[in-house]
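Reader: I am new to this structure and would like a close look at a single part of it. Could you take me slowly through the sheet and the aromatic rings that belong to its surroundings?

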Amino acid sequence: PTQPSKPTQPNKPTQPSKPQVNGLTPKEFEKTLSGMGWQSNGTTSLINNYIYYGSEGEMGRIGIRNDNSKVTFQLINESSAFKNVIKRCFNSILPTQGNRLYNIVSGPFNNQTLKMDGKTVTISQSHAGVTVEIVYPK
């Protein structure tokens, strides 16, 4: 005798699906940094740090959490070359929203938190420049 076929759907309620995450993970993004001119600037137990120098001196910093949860940018100075590097960085992580993020932080803006490509993006200004924190969903 044949066994009754098993149902294809589980009998428990379905969990809502996580938002689709596009773009590079922090670890994947980290592998692209040296090719864009970023230099390693030390590691703590939680964060790998990178720094970018231009003809104007220190342009910016990136901190990448070792647990693959967050990338933080500190944008200190501007140059046309550095603008292109930042656009590439943002588009690597936020493939459909990177240009939008760049346009926001390039002009006057209010400190704010946005949802972009499934990630939480917090942007703020201080005397030290512009901070962009991109947090990945768990």
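Author: What follows describes the sheet, then the helices that lie on it, and then the aromatic rings.

The model is a predicted one, and its sheet is an open one in which seven strands follow one another in the order E1-E2-E3-E4-E7-E6-E5, with antiparallel pairing. At the edges stand strand E1, residues 39–43, and strand E5, residues 112–116, each of which pairs on one side only. From one strand to the next, the twist averages 20 degrees.

The pairing of E1 can be followed in some detail: E1 and strand E2, which spans residues 47–54, run antiparallel to each other and are joined over three bridges, and here Thr 43 stands opposite Asn 48 in E2. Helix H2, residues 80–93, lies across E2, strand E3 (57–65), strand E4 (70–75), strand E6 (119–126) and strand E7 (129–135), and the helix runs at about 165 degrees to E4. Helix H3, residues 98–106, also packs on the sheet, where it touches E4, E5, E6 and E7, and its direction makes about 165 degrees with that of E5.

Turning to the rings, a pair of aromatic rings is described by the distance of the centres and the angle of the planes. The count for this model comes to five aromatic pairs. One of them joins Trp 38 and Tyr 52 in an edge-to-face arrangement, with 5.3 Å from centre to centre and 65 degrees between the planes. Because Trp 38 lies in the loop between helix H1 (26–30) and E1, while Tyr 52 belongs to strand E2, this pair ties together parts that are 14 residues apart in sequence. Trp 38 has a relative accessibility of 3% and so counts as buried, and Tyr 52, at 11% relative accessibility, counts as buried as well.

Tyr 52 takes part in a further pair, this one with Phe 82, and that pair is tilted, with the centres 5.0 Å apart and 40 degrees between the planes. Here distant parts of the chain are linked, since Tyr 52 sits in strand E2 and Phe 82 in helix H2, 30 residues apart. Phe 82 has a relative accessible area of 3%, which means that this residue is buried, the limit for that word being under 20%.

There is also an aromatic cluster to look for in the model, formed by Phe 29, Phe 73 and Phe 90.

Note on methods. Residues numbered from 1 in each chain as written. Predicted model: local features only at pLDDT ≥ 70, side-chain atom pairs only at ≥ 80, totals over all residues. Heavy atoms only, no water. Pairing = 2+ DSSP bridges. Helix = DSSP H or I, 4+ residues; strand = E, 2+ residues; numbered from the N terminus. Axes fitted to C-alpha atoms, helices over the stretch in contact; angles between N-to-C directions. Contact = heavy atoms within 4.5 Å. Phe/Tyr/Trp six-rings, centres within 6.5 Å; stacked < 30°, edge-to-face > 60°. Buried < 20%, exposed > 50% of the residue type's maximum accessible area, 1.4 Å probe, protein only.
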